Amino acid sequence: MSIPVVLSWSGGKDCALALDRLLSEDRYEVVSLLTTFTREYERVSMHGVRRELILEQARAIGLPLSESWIEKGACNADYEAAMSASLEQFKLTGVETIAFGDLYVEEIRAYRDQLVQRVGMQSLYPIWGEETTALAERFVAGGFNAITCCVDTKQIPESFCGRELDSAFFETLPDSADRCGENGEFHSFVYNCPQMSSQIEVCVGETQRDGQFVFSDLTLATASIHFQQDAIT
């Protein structure tokens, strides 16, 4: 019998690779994606991706999307309360495992493990420990397509924001940057992957700076949405 799993979903490269790995193993059944949104902006917390884009990803992948909501300026305790409430609901349905797309930062893994264990569930890391240059190469070669939606300008230049995650992107990253952005160098939005029934048509809009972070406003190509200066983080 397959183990039911909920996958923590930001819409980016690493969680898409984690989904790919989970679906390749018969012992797991991914039953839902789980995304945390900031209520005032209806965007993925920290990444700045619009909720409608995440909903479109879930539709194209063919999985339900569970939503966890936090308020603008939420602290860790607020995030933990919202996530715990979401996990409790999954546990009531018999789902006791949540998967994450983390790669090697031990502190983040320990933090997630503690949160998940508090609600009596277990965490799973399908791509943990994989060499990140090889993983980036597999992303490009494996039929995945993504655009950077956020860049930490203290780690890589602002010009990397809004770019396609292709071979040229990874090859031109500064030597100091992790090729998968595991240290927060960049975040991304996947608009095409092997699990999607169709490619998501995305427009790259204006950019906004919030301290050291720069965001690209991504929208559905069919949507007529006006950029709001305060609606990213």
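The exercises below, each with a worked solution, explore a predicted model.

**Exercise 1. Find which residues of helix 3 are buried, and what they pack against.**

Begin with the helix itself, which covers residues 76-92. Helix 3 has 17 residues and spans 24 Å from its first C-alpha to its last, close to the 24 Å expected at 1.5 Å a residue. Next, pick out its buried residues, which are Tyr79, Glu80, Ala82, Met83, Ser84, Ser86, Leu87 and Phe90. Then look at their surroundings: these buried residues pack against strand 1 (3-8), strand 2 (28-38), strand 4 (65-70), strand 5 (97-99) and helix 4 (106-118). Finally, follow the chain past the end of the helix, where Gly94 takes a positive phi of about 95 degrees.

**Exercise 2. Glu80 is among the buried residues of helix 3; determine which side chains make polar contacts with its side chain.**

Start from the residues in contact with Glu80, leaving aside its neighbours within four places in sequence: they are Tyr111, Leu115 and Arg118. The side chain of Tyr111 makes a polar contact of 2.7 Å with the side chain of Glu80. The side chain of Arg118 is joined to that of Glu80 by another polar contact, of 3.3 Å.

**Exercise 3. Work out which face of helix 5 is buried and what covers its buried residues.**

First list the buried residues of helix 5 (residues 132-141), namely Thr132, Leu135, Ala136 and Phe139. Seen down the helix axis, these residues fall within an arc of 100 degrees, so they line one face of helix 5. The general geometry helps here: an α-helix has 3.6 residues a turn, so residues three or four places apart point the same way. On the other side of helix 5, Glu137 and Ala141 are exposed. The cover over the buried residues includes helix 1, strand 7 (145-152), helix 6 (167-172) and strand 8 (186-192). To complete the picture, examine both ends: at the start, a side-chain oxygen of Glu131 comes within 3.2 Å of the backbone nitrogen of Thr133, while the helix is followed by Gly143, with a positive phi near 85 degrees.

**Exercise 4. Explain why Cys150 forms no disulfide, and then consider Cys180.**

The closest cysteine sulfur to that of Cys150 belongs to Cys149 and is 6.2 Å away, which is too far for a bond, since a disulfide needs the two sulfur atoms within 2.5 Å. Cys180 is in no disulfide either, as the nearest cysteine sulfur, that of Cys15, is 12 Å away. Each of these two residues is buried, with a relative accessibility of 2% for Cys150 and 2% for Cys180. The count for the model comes to 0 disulfides.

**Exercise 5. Identify the residues that touch the most other members of the largest nonpolar core.**

This core holds 56 residues, and those with the most contacts to other members are Leu7, Trp9 and Phe189. Its largest share, 6 residues, comes from helix 1 (residues 13-23). A second, separate core of 14 residues includes Tyr79, Met83, Val95 and Leu115.

**Exercise 6. Locate Glu42 and Met46, and compare the sign of phi in each with the general pattern.**

Most residues other than glycine have a negative phi. Glu42, however, has a positive phi near 55 degrees; this residue is in the loop between strand 2 and strand 3 (43-44) and is partly exposed at 41% relative accessibility. Met46 also has a positive phi, of about 80 degrees; Met46 is in the loop between strand 3 and helix 2 (51-61) and is exposed, with a relative accessible area of 56%.

Conventions: Residues are numbered from 1 along each chain as its sequence is written. This is a predicted model: local features need pLDDT of at least 70, side-chain atom pairs count only at pLDDT 80 or more; totals for chains, interfaces and linings use all residues. Side-chain values use heavy atoms; hydrogens and water are left out. Helices (H or I, at least four residues) and strands (E, at least two) are DSSP runs, numbered from the N terminus. A polar contact is a pair of N or O atoms within 3.5 Å; within protein, one must be able to donate a hydrogen and the other to accept it, and residues adjacent in sequence count only if both atoms are side-chain atoms. Contact means heavy atoms within 4.5 Å. Buried means under 20% relative accessible area, exposed over 50%, partly exposed in between (1.4 Å probe, protein chains only). A nonpolar core is a set of buried Ala, Val, Leu, Ile, Met, Phe, Trp, Tyr and Cys residues joined through side-chain atoms within 4.5 Å. The expected span of a helix is 1.5 Å times one less than its number of residues. The arc is that of the directions from the helix axis to the C-beta atoms.
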